[in-house]
Amino acid sequence: MSHPHLPKFWFRLLQWFCREELFEELQGDLEEAFEENIESVGLQRARRIYRVEVLKLFRLSVVKKPAGVRVSQLPGNYITTSVRAMKHNPFYIAANILGMALAFSIGTIGYFNYRFNDTFNEYFPQAASIYKVNGLRTAESTVGTSPGALAPALHLAGIAAFRYHNEPIAVKLANQSSEGGGHKLFMEGLSFTDPGFIRHFDLANLNNEPLPALSHGEVYVSDETAMKFFGDPYPVGKLLTVILPYHQEQLLTVKDVFRKLPNNTSFRLSIIADFEHLSDFYGINENSWSNWVDGTFVYAPEGDMTRLVSQMNTYLDVQNQANKDLQISEYRLDNILEWPALEASLHNSAFVPQMHPAAVAGTLGSAIGILLLACFNFINTSIALSGNRLKEIAVRKVLGGNRTSTITQFILENFLMIGVAVVIALGLTYYMIPGYNAMMSYEIIQPDQIPWTTFVYFGLVLVLCVGLMASAYPALYISKFPSLAIFRNKVVLSGKNRLMTVLLTFQFALCFYNIFGLLVTTDNAWYQERLDRGYDLGGVINIPLSDPQQYTLLEDRLKQQTDVRQIAGTSSLVGFSFNNSSIDFNGQEYEVAELGVGAGYLETLEIRLINGSLFSGNGTHTGEPRKEAVINSMLEDQLGGDALNKPIVVDGDRYTIIGVVEDFNLRQIMFNNKIKPCVMRLMSPQSYGYATLKTDGLATGKNRELEALWYELFPQELYGGFLQEDVMQQVRQTNFIMINISMIVAIISILISILGLYTLISLIAQKRKKEFGIRKVMGASWQQITHLLGRDIYWIIGIAAIIGLAGGSAVMHSVLDGIYAYHIDISIIHYVWPVMIILGIVVGAVGYKMMQTSKLNPVEQLRVE
């Protein structure tokens with residue numbers, strides 16, 4: 001494989017099945033077409049076309065012939081009998097195969113979704129010896145960032161420590177013109193790393209060689225970034241222009257190209273520069289204890305954590321002296337294989353966390369449930385269909401066959417069906433994976449990143465386990481009957497087979513569980529959309545500022561626009577950013593969330609005032625902001641009530657409480673982000689980091705207009721405006737994923753259970769046809785016969801409802817409590833609807849079968865075979 005961007009898995013697949021004498025020529029043609037497609041349609045589409053072309057080559061004229069195996073060596077009569085038996089029952093067989101194919105596809109997605117989390121950061125060969133430094137704070141969340149001076153200090157102490165820091169930066173090609181081209185800027189992440197980071201994380205170039213050392217003004221780029229900016233997979237020596245703070249341009253030379261890291265790693269590396277450039281580009285002291293970096297890592301192959309932590313803790317005093325507002329009680333080390341599970345809970349998180357355990361467990365549990373449903377249905381259908389083949393079994397035994405040959409026959413038939421299901425599942429999975437990935441914020445399942453041996457082993461284990469589980473019992477059960485008893489009609493497969501009844505009960509229990517989960521998830525999604533967050537989300541746009549002076553220019557222009565109702569500046573953003581702090585009130589300290597806002601910001605978000613007033617201006621006659629504060633209702637209650645016009649001390653400064661507002665949410669309504677006691681301070685325009693405006697029109701359209709205005713005013717700076725509604729992005733995405741997965745699983749489980757129910761009803765009706773014929777002759781109506789037939793089913797549904805709804809209630813309570821800060825209360829209606837839906841299905845299935853039975857002539861039903 002000479003081209004670095006060819007899909008590895010599909011290249012190896014072609015190499016595996018293609019004849020040796022044809023491989024070189026076919027692969028050469030495919031690679032040539034791949035290179036042409038990159039230039040014409042782009043890398044991603046070229047990779048998709050390559051996959052399709054490989055699949056097209058899977059035909060007899062290309063596939064290798066198995067060595068030493070001939071079909072004639074197989075028992076031909078087994079194959080013939082199996083095919084004939086499948087032709088006699090096409091509907092049941094097709095439904096079984098389709099059910100197993102869907103189960104295999106969902107099982108594959110569930111497994112690789114779990115594998116994505118389970119192998120997080122295992123891409124790095126030395127991952128077991130690399131640790132991330134995190135700082136513990138008393139009674140507050142752990143800090144994920146660390147002082148920039150910590151790694152150099154540890155290095156002097158003989159500890160292999162190295163730093164990582166990422167800054168969003170505007171990038172353009174060096175040959176782009178500055179005039180009129182500002183809107184062509186690209187937002188990219190520029191990662192600053194010490195040489196130890198490159199070495200210990202084993203980053204390599206496209207030839208799997210170590211990356212060469214960087215000189216001043218040189219960077220590494222990923223292969224994806226290389227194609228994005230240059231259209232060339234190897235643009236070594238070419239130039240990039242990055243826009244630094246205060247609109248300074250800096251030329252950077254591409255030193256080498258590295259492969260893009262898999263998505264199940266903690267880093268999103270695009271452009272890498274030496275850590276020394278952080279000081280050059282941003283004018284900060286990289287070795288200062290007051291300047292923080294995204295992460296400090298330690299390489300410790302011997303794993304002597306006690307000594308390392310003890311050494312790090314010797315720097316606590318100097319760290320805490322330099323950072324009065326961020327006191328660390330002790331440092332700790334987390335291995336990078338375990339740390340991603342903690343990342344989402346860290347304060348100042350800057351890395352990619354693992355998926356939430358509930359998302360992994362939910363998907364995997366749903367996949368296992370569907371596989372069990374399909375297996376249960378397979379067993380039930382196999383037993384039911386075998387009732388028509390008892391005499392065939394007896395004849396085979398009389399002609400010399402034994403029980404072993406009968407078992408082999410049935411297992412072979414079942415494995416043939418499972419084999420067909422696997423082939424169909426391959427096609428279904430190919431189209432389902434993109435749909436599953438589309439629900440996520442990034443690709444979770446990346447076939448190109450998964451070794452082809454993993455696919456093979458997983459497929460073999462799945463087929464063998466499911467095949468044996470689904471086919472062993474029917475084969476053993478059916479083959480045990482003696483020939484003489486069969487010929488004397490003393491063997492009858494009863495519709496009340498205990499195993500069939502148990503399996504059908506569990507099938508419907510899973511149905512109740514899945515329908516219950518779907519209803520609760522959907523209802524909770526509506527609740528989240530209607531939930532009052534204490535401020536208005538609609539029509540609010542936030543614009544990040546790199547220079548507070550930008551606010552004045554924006555304000556002057558936006559005040560002239562009639563559809564802009566209000567504009568205000570702020571340092572903190574409700575829903576996105578705030579500081580954890582403490583205040584002093586009457587000599588007692590209280591932990592609070594602190595926001596620095598400008599005059600008019602609270603009115604722009606329509607935060608509701610309860611008592612007093614909001615900030616009316618930015619400062620006093622001296623230009624300094626007035627020492628005024630506004631608190632929320634929760635904090636007033638903690639202070640003992642009636643806190644208006646009383647003093648509090650924040651960061652050593654005395655403030656007067658001028659107003660009390662209703663409680664509002666400070667962050668996304670996820671996990672433990674509940675309403676907190678909050679204090680808001682008035683900030684001066686010189687400290688503004690955002691401009692926030694309220695528009696009367698559609699916020700999305702207005703945001704596009706603001707982008708054009710931004711590039712008119714600041715052509716050398718990337719526009720970063722976003723909607724206040726983006727605070728809902730994570731919860732909406734979570735609800736979307738949960739609803740879609742629940743809906744797919746519920747529909748499939750219902751379909752499979754209906755098939756199992758119909759099969760059981762058909763078997764009961766077949767075995768009791770003489771009884772029903774006599775009852776019809778004696779004057780029984782079809783409604784009475786329907787009641788007799790359904791009587792054996794309704795108690796199964798009752799037990800299944802108890803099991804399924806009880807399990808669903810326990811699981812959904814746990815899921816809602818674990819994911820959402822505020823959620824619905826499960827009510828009686830969530831229990832009633834699943835029962836009504838399942839009963840409707842049962843009554844329909846029983847009624848339809850009895851209508852068919854009622855049309856039969858009683859004479860035919862009473863006729864002896």
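Reader: Leaving aside its neighbours within four places in sequence, which residues is Ala699 in contact with?

Author: This is a predicted model. Ala699 belongs to helix α22, which spans residues 699-713. Once neighbours within four places in sequence are set aside, the contacts of Ala699 are Gly539, Ile541 and Leu723.

Reader: Is Ala699 buried or exposed?

Author: The relative accessibility of Ala699 is 10%. Buried means under 20% relative accessible area. Ala699 therefore counts as buried.

Reader: What distance separates the C-alpha atoms of Ala699 and Ile38?

Author: Along the chain, Ala699 and Ile38 are 661 residues apart. In space, their C-alpha atoms are separated by 37 Å.

Reader: How do helix α1 and helix α2 run relative to each other, roughly parallel or roughly antiparallel?

Author: Helix α1 covers residues 8-17 and helix α2 covers residues 20-41. Their axes lie 10 Å apart and make an angle of about 155°. Angles over 145 degrees count as roughly antiparallel. The relation of α1 to α2 is therefore roughly antiparallel.

Reader: Which residues of α2 does α1 meet, and how many in the contact are charged?

Author: From α1, the residues taking part are Phe11, Leu14 and Gln15, and in α2 they meet Phe23, Gln27 and Leu30. Sorted by type, the residues of this contact are four nonpolar and two polar, and the number charged is no residue at all.

Reader: Which strands pair with β21, and in which sense?

Author: Strand β12, residues 540-544, pairs with β21 over five bridges in the antiparallel sense. Strand β13, residues 564-570, pairs with β21 over six bridges, and this pairing is antiparallel too. The strands asked for are β12 and β13, both antiparallel to β21.

Reader: Which residues of β21 stand opposite Val540 and Val564?

Author: Val540 faces Lys694 in the pairing with β21. For Val564, the bridge partner in β21 is Thr695. The two residues are Lys694 and Thr695.

Reader: How many residues of β21 are buried?

Author: Strand β21 runs over residues 690-695 and is mostly covered. Of its six residues, the number buried is five.

Reader: Where is Asn208, and is it buried or exposed?

Author: Asn208 sits in the loop between α7 (195-200) and β5 (218-222). Its phi is near 60°, a positive value in a residue other than glycine. With a relative accessible area of 60%, Asn208 is exposed.

Reader: What is the phi of Asp651?

Author: Asp651 is in the loop between β18 (647-650) and β19 (653-661). Although Asp651 is not a glycine, its phi is positive, at about 50°.

How values were computed:
Residues numbered from 1 in each chain as written. Predicted model: local features only at pLDDT ≥ 70, side-chain atom pairs only at ≥ 80, totals over all residues. Heavy atoms only, no water. Buried < 20%, exposed > 50% of the residue type's maximum accessible area, 1.4 Å probe, protein only. Helix = DSSP H or I, 4+ residues; strand = E, 2+ residues; numbered from the N terminus. Pairing = 2+ DSSP bridges. Axes fitted to C-alpha atoms, helices over the stretch in contact; angles between N-to-C directions. Parallel < 35°, antiparallel > 145°, perpendicular 65-115°, else oblique. Contact = heavy atoms within 4.5 Å. Nonpolar A, V, L, I, M, F, W, Y, C, P; charged D, E, K, R; others polar.
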